[in-house]
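Subject: Structure handover

Hello,

Here is the structure I promised to pass on. Please open it first, then read the notes below.

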Amino acid sequence: MATGQNPAEPILKLRGVSKQFGAVSALTEIDLDIHAGEVVALVGDNGAGKSTLVKVLAGVHQPTAGSIEFMGKPVDLDSPGKALEMGIATVFQDLALCENLDVVANLFLGHELNPWALDEVQMEVRAWTLLRELAARIPSVREPIASLSGGQRQTVAIARSLLLDPKIIMLDEPTAALGVAQTAEVLNLIERVRDRGHGVVLISHNMEDVRAVADRIVVLRLGRNNGIFTAETSNAELVAAITGATENAVSRRRARKEEVEHHA
Amino acid sequence: MSDQNKPAALDRSDSRVRHDEGISGAIRAFIDRVRSGDLGMLPVAVGLVLISVVFASLNPVFLAPNNLVNLLFDAAAVGCISLGIVCVLILGEIDLSVGSMSGLASALVGVIWANMGMPVVLAILAALAAGAVMGMIYATLLNKFGMPSFVSTLSGLLALLGMQLYILGPTGSINLSYNSALVKFGQILIMPHWLSYLLAILPGVVMVVTGLGTMRRRAEANLSSPGLSVLIAKAAILTGALLVAVIYLNQGRGVPYMFGLFVLLVVAMNYLLTRTQWGRSMFAVGGNREAARRSGINVNRIRMTAFMLCSSLAALGGVLASARLATSSQQAGAGDVNLNAIAAAVIGGTSLFGGRGSAWSALLGILVIQAISNGLTLLNLSSSLRYMITGAVLAIAVIVDSLARQSRASHGRG
């Protein structure tokens, strides 16, 4: 176990976390546990508060109320730098890359080797090694990010989160912009990271991806916890939890389809 | 260079990328970069040649060695200010008060040293400290209150000008002693010939030595290198150009120490910007502030250092200007100093839009600006015409910057 502590104790423990933007409650009393060596999928409809929760854990937003415990100790995630330092790495939905810098510079941003005489050779070697591990198709690491495609940028962002060997890695919609092979690679990668004893938080709208890798599926609805499921849970049940009703747009659509097939 | 038996270098395994090798490859890559809007130093080089041809044909004195020596003396002061401007431009910010800051610094030197009789070193340190404090104020206004830098520095422009007039008192001008080391440094101190030749050769030697070191390390790490021929060619061109320039200047009075100090500052700034974490963070904040913040970069601290550096360099420029003119007056830092410093940085290739630039742009840009101003003075044109022409040059530089930016965007180079 990489964390070297009681496996029953979660690495990250959230209790009653709330976040308000003015009059809007984006998160209300969220509880969440993330253990070492497990993949927790965070699912929910648009506006359920998934990205806000990730930003709270990444230190981008500060929670209005509630407590966060990391490795059994209460912590105050007041800046992205602090979260990174503790070992919470995040791949944001908007990737947060600097388009004017090249791939190597982006990978090592804020954590350059040898701050007073940058070790460009060593950084380039590590960049290539890391990208190889992810089976990334990046033609040159000395091109500015602006010249890369969406999928390539996504890979760079994921590679960057792994650079510091974090305890928890959070991926916000990591496969949305990826091709078939890269999606499979990212899923493989998530499993590899989990097997190394790290915790993984995965946000995705793609139920297939979620089922493929998640050990637990945490559903958020309108900023509140709305049940914890496993990969064995039926699709209908998950959709019901996400939309908040067994009678919903998805089930109605399916019923209508079945009816059409029945008639045909 | 290419060896079929060797496994492909780590960075050369993607078959879709054309790998430029040797001198022809370097030239081809350069043309590609220019076409896609990555102009680098090209506009400056073209500009300098054009200016030289035009002014030399109008008045042959322009290219006389001693006139060029004077030009270098004049360039150092505003060049220092421009170097500071490069820092804030890289962040995508601006400092409009550098002219007034340099004026205040020159007034401080006059009052503390000439009037109060304190040591000159103390006076210079006081001027630099005043610059640092002013930069701290701008950065704090930006960090704490989100005050746009062009507003805070515009108000700073007035406040600093007022302070300059206040401390100069009713006489409005203080003469500095011609026998003092400071004024000698600003007016007559010239490098001995051997030193100037040594300094002309040094960059090429350093380039080859560090280049060979990098090539060896890259080869050990199984990374490709542009090749020895490119390195040697670059070093040879650089050394040749510098030697020709120094030989020519030595036909006249020689290379001023003051210009040497300016170049030293440019080299130091270039190192900081390209080879340190601080420099990398500067470009990151200028390119995408939120991304930089989420990478754990302390954006507020980066801004603080940039504004403090900018104002301190402006103050140093003011000290050099007072040494050059042997006076601290109400005119110091007034008129076109502000605009010249900003224009020099932009003409040299530092973008007004942030995230792109280099310390060299201050050096090359100020040579262009100073050449124009010097040439116009030789033609006996009034300052009214000089202002108009300098204004037009700045406008053209900004247009080139904007066009290059659009071209980069359409070629996917950010």
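Let me begin with the annotation. An unreviewed UniProt entry places the feature "domain: ABC transporter" at residues 12–247 of chain A. The model itself is predicted. Within it, the end C-alpha atoms of residues 12–247 of chain A are 35 Å apart. Helix makes up 33% of that span and strand 26%.

**Domains of chain A**

The domain assignment splits chain A into domain 1 (12–233) and domain 2 (234–264). Their C-alpha centres lie 31 Å apart. Where they touch, 11 residues of domain 1 of chain A are in contact with eight residues of domain 2 of chain A. On the domain 1 side, strand E9 (216–221) and strand E10 (224–229) of chain A are the elements that give two or more residues. By class, that side has five nonpolar, four polar and two charged residues.

**Strands E3, E9 and E10**

E9(A) and E10(A) deserve a second look. They form a hairpin, with two residues between them. A:Leu222 sits in the turn and has a positive phi of about 50 degrees. The two strands pair in the antiparallel sense, over four bridges. One pair to find on screen: A:Leu220 has A:Asn225 in E10(A) as its bridge partner.

E9(A) also pairs with strand E3 (residues 39–43) of chain A. Here the sense is parallel, again with four bridges. A:Ala41 has its bridge partner, A:Ile217, in E9(A).

**The four-stranded sheet**

Now for another part of chain A. Four strands form an open sheet, in the order E2-E1-E4-E5 (chain A), with antiparallel pairing. Strand E2 (24–34) and strand E5 (73–75) of chain A stand at the edges. Each has a single partner strand, so one side of each is left without a neighbour in the sheet. On average, neighbouring strands of this sheet are turned by 30 degrees against each other, direction ignored.

At the E5 edge, three bridges join E5(A) to strand E4 (residues 65–70) of chain A. These two strands run antiparallel. A:Ile68 is bridged to A:Val75 in E5(A).

A helix meets this sheet too. Helix H1 (residues 50–57) of chain A lies across strand E1 (12–21) and E2 of chain A. H1(A) runs at about 65 degrees to E2(A).

**Contact between chains A and B**

How many residues does each chain bring to the contact? Chain A gives 30 and chain B gives 31. On the chain A side, helix H2 (80–86) and helix H4 (120–133) each supply at least two residues. H4(A) gives the most, with four residues. The side of chain A that touches chain B has 22 nonpolar, five polar and three charged residues.

**One residue to look at**

Please find A:Gly81, in helix H2 of chain A. Is A:Gly81 buried, exposed or partly exposed? A residue needs 20 or more C-beta neighbours within 10 Å to be buried, and 12 or fewer to be exposed. A:Gly81 has 16 inside 10 Å, so it counts as partly exposed.

What does A:Gly81 contact, leaving aside its neighbours within four places in sequence? The partners are B:Gly296 and B:Asn298. Within chain A, compare the position of A:Gly59. A:Gly81 and A:Gly59 are 22 residues apart in sequence. In space they are 7.7 Å apart, C-alpha to C-alpha.

Best wishes

Technical notes. Residues are numbered from 1 along each chain as its sequence is written. Chains are lettered from A and ligands numbered from 1 in the order in which they are written. This is a predicted model: local features need pLDDT of at least 70, side-chain atom pairs count only at pLDDT 80 or more; totals for chains, interfaces and linings use all residues. UniProt positions are given in the numbering used here, feature names are shortened, and annotations may be inferred rather than shown by experiment. Domain bounds come from an automatic or database domain assignment. Two residues are in contact if their C-beta atoms, placed from the backbone, lie within 7 Å. Ala, Val, Leu, Ile, Met, Phe, Trp, Tyr, Cys and Pro count as nonpolar, Asp, Glu, Lys and Arg as charged, and the others, Gly among them, as polar. Two strands pair if DSSP finds at least two bridges between them. Axes are lines fitted to C-alpha atoms, for helices over the stretch in contact, and angles run from 0 to 180 degrees between N-to-C directions.
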